[in-house]
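Reader: I would like to test the labels used for this model one by one, asking in each case which value stands behind the word. Please set every value against its cut-off before you conclude.

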Amino acid sequence: MNNALQMLLGKKGLPGLLILAFILLVLFPLTMDVDSLNLTGRFLAFAFVAVGLVLAWGYGGLLSLGQGLFFGIGGYAMAMYLKLEASTPEATAIQTTPGIPDFMDWNQITALPWFWEPFHSLTFTVLAILTLPALFAAFIGFALFTRRVSGVFFAIITQAMVTIATILVIGQQGYTGGVNGITDLRTLKGWDIHTDQALVVFYFATVVLLFAVIALGMWVLSTKYGRILMATRDQENRIRYSGYSVAYFKIFIFALAGFMSGIGGAMFTLQVGFMSPSIIGIIPSIEFVIFAAVGGRLSLLGAVYGSLLVGYARVTFAEAFPQLWLFLIGAVFIAVVMFAPYGLAGLYNTHVRPRVEAFLVRMGWRPGAPPSDTPRAIDPQAAQEARK
Amino acid sequence: MDYSMQDLMAITAMQGFAGLSFFSVLLLMALGLAIIFGQMRVINMAHGEFMVLGAYTTYMVSTLAAGLGPWATEYYILLAIPLAFLSAFLFGMLIELLMIRHLYHRPLDTLLATWGLALIMQQGFRSIFGAREVSPNTPSWLEGSWRPTPMIDIPINGMAIMALTVIVTLGVVWLMYRSRWGLRVRSTMASREMSAAVGINTRWVDRLTFALGCGVAGIAGAAFTMISSTGPTSGTLYIVDTFLVVVFGGAGSISGTVVSAFLIAQGQSILEFFLGSSMAKVTTLLVIIAILMMRPEGLFKSKVRR
């Protein structure tokens with residue numbers, strides 16, 4: 001625990017956290033109107049997934065192309081609750097069967113399916129958001145990691161899983177809202193979710209939860225577990241021969257990433273007011289990886305910056321030059337992978353940070369010689385190559 | 001669900017044949033990937049876009065041929081297929097030179113970089129050919145169908161694609177397992193240093209192997225566009241299936257790829273009749289994943305010890 005506190009409050013973590021907190025809690029709310037703030041909030045909802053990917057992919061070596069699945073479980077759980085609240089018998093009186101969601105009525109379904117029933121309860125919904133994605137991820141992880149499926153194969157199988165989920169959601173439109181998703185969400189416990197006040201509250205809730213998730217991630221990495229996880233990523237067999245059950249280390253981090261994604265999904269639904277398969281499919285799932293890669297696959301805070309930057313770039317570019325957007329994001333992605341594998345955080349660590357530190361010393365704000373600690377970002381593959 | 005025995009036979013035959021067309025395209029796609037992924041361990045997410053490149057090449061040849069007269073419309077396809085191969089082959093070489101060769105020691109990163117490439121190629125197709133789906137003219141000798149009994153109806157173009165698939169598969173097998181060049185490829189992939197030491201130019205082997213995989217995807221595109229229309233994003237629809245085919249078959253094994261493409265295409269096509277297309281796809285994918293969980297190395301284990 002001492003170690004954890006050090007990690008949270010120590011020199012390395014704290015300034016970064018404070019700067020990000022200042023940007024998200026003070027700068028943005030003061031300078032942005034409600035619409036932009038809401039937009040930022042959506043990008044921050046994606047950042048939950050990116051933070052999860054930093055843990056699973058950057059530190060665990062598990063590249064999941066299926067994080068949309070867990071984002072989707074969280075998002076759909078929230079959407080189901082809100083939809084049921086919006087589908088009171090009075091509000092849906094014109095339907096053949098009043099009291100069920102409108103898309104079910106359009107698809108000639110006359111009774112609420114059993115798996116929708118528990119979502120009448122907010123308590124159940126919150127519990128579902130917090131547990132289902134993690135449990136599902138743990139199940140997938142158990143099935144794959146105990147069989148020693150890893151690397152590329154893991155990536156392809158997770159991608160196939162998210163494909164299955166999307167096809168199911170689109171195909172079973174009577175139960176899921178199909179390709180349009182679950183739309184027309186109105187209130188949360190009688191509180192209109194589209195008012196400016198609600199949007200601002202959701203934004204702050206998202207930021208606070210995001211910091212909670214980042215703190216959790218930092219803590220996990222600072223424990224002995226975190227070290228073994230990184231060791232597993234770099235030298236799996238050596239860890240296995242040391243007597244650790246490698247699979248369970250992977251299952252845990254994958255479940256944790258799923259847990260974070262689920263929260264992000266729920267916050268996304270609240271801020272956008274709908275949930276649809278276009279947000280959880282193959283392409284969005286890879287975009288989550290882009291966010292993490294741009295921010296830096298070894299930087300929890302970088303994931304937030306990555307999500308925000310790519311998000312804003314998309315909004316600005318896609319409006320101004322829709323033709324160029326895909327060229328740009330494709331080129332950025334290639335450039336990041338080829339020239340800056342550790343993303344913005346890596347560039348910061350190698351180029352900006354030494355200067356900042358030198359400046360601090362020169363100004364007398366930090367004692368002693370410039371710190372000589374090697375950057376934490378050790379290229380796992382290069383390290384492996386070197387050992388061969 | 002009352003089907004007589006005869007109905008079931010006819011359904012099996014028809015769906016089976018529909019499955020065979022799907023099998024052909026899937027196998028052509030997967031062969032390219034089996035070379036690139038199975039041999040080189042490079043994950044080419046832009047493989048579907050190389051297929052689309054071949055398809056658009058075919059479309060362009062068809063459009064040009066239409067200007068030359070009716071005889072050209074009949075036989076352009078014979079020129080289009082080699083050109084589809086060539087365009088994808090050359091583009092593949094360029095990509096290997098600019099991008100892939102820097103990433104050989106980071107397999108997961110090839111996945112990400114080629115995804116970026118896929119996005120760029122998609123937008124490129126959209127800018128050049130428009131967002132609408134296109135199809136080339138079908139030569140009259142590929143139209144129509146063959147009806148051995150009144151209940152069975154087998155399209156000719158499907159059979160032509162089958163024939164093409166057989167030729168390409170045999171060609172790839174010969175090239176990889178019977179030619180000197182294939183020997184060099186396999187030796188390079190087994191041990192790069194030793195191969196270089198005995199005088200194999202491993203850089204060229206890498207480049208040509210990657211380009212060959214892309215070229216085969218181009219042929220897949222030429223075949224694909226004969227049975228279905230091509231749009232800028234057609235490739236993405238196939239990429240998941242194709243990767244699963246290669247993984248399911250056992251990466252590195254061409255015979256495994258053939259068998260798994262056959263099983264997946266047939267399974268999906270027959271299930272489609274009973275469950276509808278989306279549930280058929282879900283069921284097939286779930287079964288594949290379940291089998292992969294039990295046998296992570298795929299159907300045909302490669303005997304290489306790692």
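Reader: Why is A:Arg233 called buried?

Author: The relative accessible area of A:Arg233 is 18%, and buried means under 20%, exposed over 50% and partly exposed in between, with a 1.4 Å probe and protein chains only, so A:Arg233 counts as buried. This is a predicted model, in which local features need pLDDT of at least 70 and side-chain atom pairs count only at pLDDT 80 or more, while totals for chains, interfaces and linings use all residues. Residues are numbered from 1 along each chain as its sequence is written, chains are lettered from A and ligands numbered from 1 in the order in which they are written, and side-chain values use heavy atoms, leaving out hydrogens and water.

Reader: What makes the pair of A:Arg233 and A:Asp234 a salt bridge?

Author: The term asks for a side-chain nitrogen of Lys or Arg within 4 Å of a carboxyl oxygen of Asp or Glu, and the side chains of A:Arg233 and A:Asp234 meet at 2.9 Å, N to O, so the rule is satisfied. A:Asp234, at 14% relative accessibility, also counts as buried. As background, side chains of opposite charge can pair when their charged atoms come close. Over all chains, the rule gives 12 salt bridges.

Reader: How do you know that A:Glu236, A:Arg240 and A:Lys250 belong to one network?

Author: A:Arg240 and A:Glu236 form a salt bridge at 2.9 Å, N to O; being four residues apart in helix 11 (residues 236-241) of chain A, they are separated by about one helical turn. Helices here are DSSP runs of H or I with at least four residues, strands are E runs with at least two, and both are numbered from the N terminus. A:Glu236 also forms a salt bridge with A:Lys250, at 3.1 Å, N to O. Since A:Glu236 lies in helix 11 of chain A and A:Lys250 in helix 12 (residues 246-272) of chain A, this pair ties together parts that are 14 residues apart in sequence. Salt bridges with shared partners thus join A:Glu236, A:Arg240 and A:Lys250 into one network.

Reader: Which of these three are buried, and which are partly exposed?

Author: A:Lys250 has a relative accessible area of 5% and is buried, and A:Arg240, at 19%, counts as buried too, whereas A:Glu236, at 23%, counts as partly exposed.

Reader: How do you know how much area is buried between chain B and chain A?

Author: Buried area is the accessible area, with a 1.4 Å probe, that two parts lose on being put together, summed over both; for chain B and chain A the value is about 3,800 Å², of which carbon and sulfur atoms give 81%. The contact, meaning heavy atoms within 4.5 Å, takes 41 residues from chain B and 42 residues from chain A.

Reader: What makes the pair of B:Asp109 and A:Arg297 a salt bridge, and which helix gives the most to the side of chain B that touches chain A?

Author: The side chains of B:Asp109 and A:Arg297 meet at 3.2 Å, N to O, which means that the pair meets the salt-bridge rule, and the rule finds one salt bridge across this interface. Helix 4 of chain B gives the most to that side, with 15 residues. By class, the side of chain B that touches chain A has 29 nonpolar, seven polar and five charged residues, where Ala, Val, Leu, Ile, Met, Phe, Trp, Tyr, Cys and Pro count as nonpolar, Asp, Glu, Lys and Arg as charged, and the others, Gly among them, as polar.

Reader: What makes the largest nonpolar core a core, and how many residues does it have?

Author: A nonpolar core is a set of buried Ala, Val, Leu, Ile, Met, Phe, Trp, Tyr and Cys residues joined through side-chain atoms within 4.5 Å, and the largest such set has 220 residues, with B:Phe37 and B:Phe50 among those that have the most contacts inside it. Helix 1 (residues 5-40) of chain B gives the most to this core, with 16 residues. Apart from residues up to four places away in sequence, B:Phe50 touches several residues, including B:Phe91, B:Ile95, B:Leu117 and B:Met121.

Reader: Why is A:Arg148 called exposed?

Author: A:Arg148 has a relative accessible area of 56%, over the cut-off for exposed, and is therefore placed in that class. A:Arg148 is found in the loop between helix 6 (122-145) and helix 7 (151-171) of chain A, and has a positive phi of about 60° although it is not a glycine.
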